[in-house]
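Subject: Structure for you to look at, with notes

Dear colleague,

Here is the structure I promised to hand over, so that you can keep it open while you read. My notes come after it.

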Amino acid sequence: MKLEKVSQLLYQLKIVNQEMTAKFEKSTGYSITRYQLMMILKCKGRCSQSQLQNELKIDSAAVTRHLKLLEEKNLVKRERNKENNREVFVEITDKAKNDLALCAKKHDDSLDASQQILNIGLSDLEEEQLLELLTKLTQ
C-alpha cells in the first residue's frame, strides 16, 4: 500500500475512533478501556493486573489508574497475592456486573437501530467483517 493510502486509512481510523469513543462514553458512562476491562473480568473471572495489561495492550501504570478509579466506585476489588506480594489479583463486583447488564439492556432496548446512540450504520455482516479486519491489523 502506498504511503498516501496508509495515511488516509490511519486518519480515518483516528476520526472514527474519536467519534465512536465519545459516543460510547456518553451512552455507557464508562471509557471504552474501563468497560473492556470490566468485561474481561466478567468473562474470565479473577485475573492478575499483568493479565489485564496484556489483554488490554496498555502499560501497567494505565491499568493501575483505571483500576483505582473503578475500585473507588466499588466496581472492582483488588487483593494482593498472599504467596507473592508483588502480584495483585482483580475481580469484578456484583455492582459492576449489574451496571454492565444495564448498559447492554439500555442499548439493546432501543426501538430500532436508528435510535441507538452507538449505531454505526453497518449491517451485521459488515460489522463482523470490520471486526475481523481490525483484529487482523492488530495481530
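What follows is an account of what was found, from the whole chain down to single residues.

Please keep in mind throughout that this is a predicted model. The chain has six helices and three strands, and from the N terminus on these elements run in the order α-α-β-α-α-β-β-α-α. Taken along the principal axes, the C-alpha atoms of the chain fill a box of roughly 50 × 40 × 20 Å. Of its 139 residues, 24% count as buried. Among the contacts between residues at least 6 apart in sequence, 43% join residues that are at least 24 apart.

To begin at the N-terminal end, helix α1 covers residues 3–28, and its 26 residues should span 38 Å at 1.5 Å a residue, which agrees with the 37 Å that separates its end C-alpha atoms. The buried residues of α1 are F24, S27 and T28, and what covers them includes α2 and α5. Just after α1 comes G29, which takes a positive phi of about 85°.

The two helices that help to cover those residues of α1 also pack against each other, for α2 (residues 32–44) and α5 (residues 94–108) meet at an angle of about 115°, with their axes 11 Å apart. Because an angle of 65 to 115 degrees counts as roughly perpendicular, that is how α2 and α5 are described. Their crossing is left-handed. On the α2 side the contact is made by Y35, M38, M39 and K42, and on the α5 side by A96, L100 and C103. These residues of the contact between α2 and α5 divide into six nonpolar, no polar and one charged. The spacing within each helix may be read with a general point in mind: an α-helix has 3.6 residues a turn, so residues three or four places apart point the same way.

Helix α5 also holds D99, and here one may ask whether D99 counts as buried or exposed. The relative accessibility of D99 is 19%, and since buried means under 20%, D99 counts as buried. Leaving aside its neighbours within four places in sequence, D99 is in contact with Y30 and L75.

A second pair of helices can be set beside the one above. Helix α3 (residues 49–56) and helix α4 (residues 60–72) pack at an angle of about 110°, with their axes 9 Å apart, and they are therefore roughly perpendicular to each other. In this contact Q49, L52 and Q53 of α3 meet S60, V63, T64 and L67 of α4. The residues of the contact of α3 with α4 divide into three nonpolar, four polar and no charged.

Finally, there is a glycine that you may wish to find in the model, namely G45, whose place is in the loop between α2 and β1 (47–48). With a relative accessible area of 26%, G45 is partly exposed. Which residues does G45 contact, leaving aside its neighbours within four places in sequence? They are I40 and V90. From C-alpha to C-alpha, G45 lies 17 Å from T33, while the two are 12 residues apart in sequence.

With best wishes

Notes: Residues numbered from 1 in each chain as written. Predicted model: local features only at pLDDT ≥ 70, side-chain atom pairs only at ≥ 80, totals over all residues. Heavy atoms only, no water. Axes fitted to C-alpha atoms, helices over the stretch in contact; angles between N-to-C directions. Helix = DSSP H or I, 4+ residues; strand = E, 2+ residues; numbered from the N terminus. Parallel < 35°, antiparallel > 145°, perpendicular 65-115°, else oblique. Left-handed = near helix turned anticlockwise from the far one by under 90°. Contact = heavy atoms within 4.5 Å. Nonpolar A, V, L, I, M, F, W, Y, C, P; charged D, E, K, R; others polar. Expected span 1.5 Å × (residues − 1). Buried < 20%, exposed > 50% of the residue type's maximum accessible area, 1.4 Å probe, protein only.
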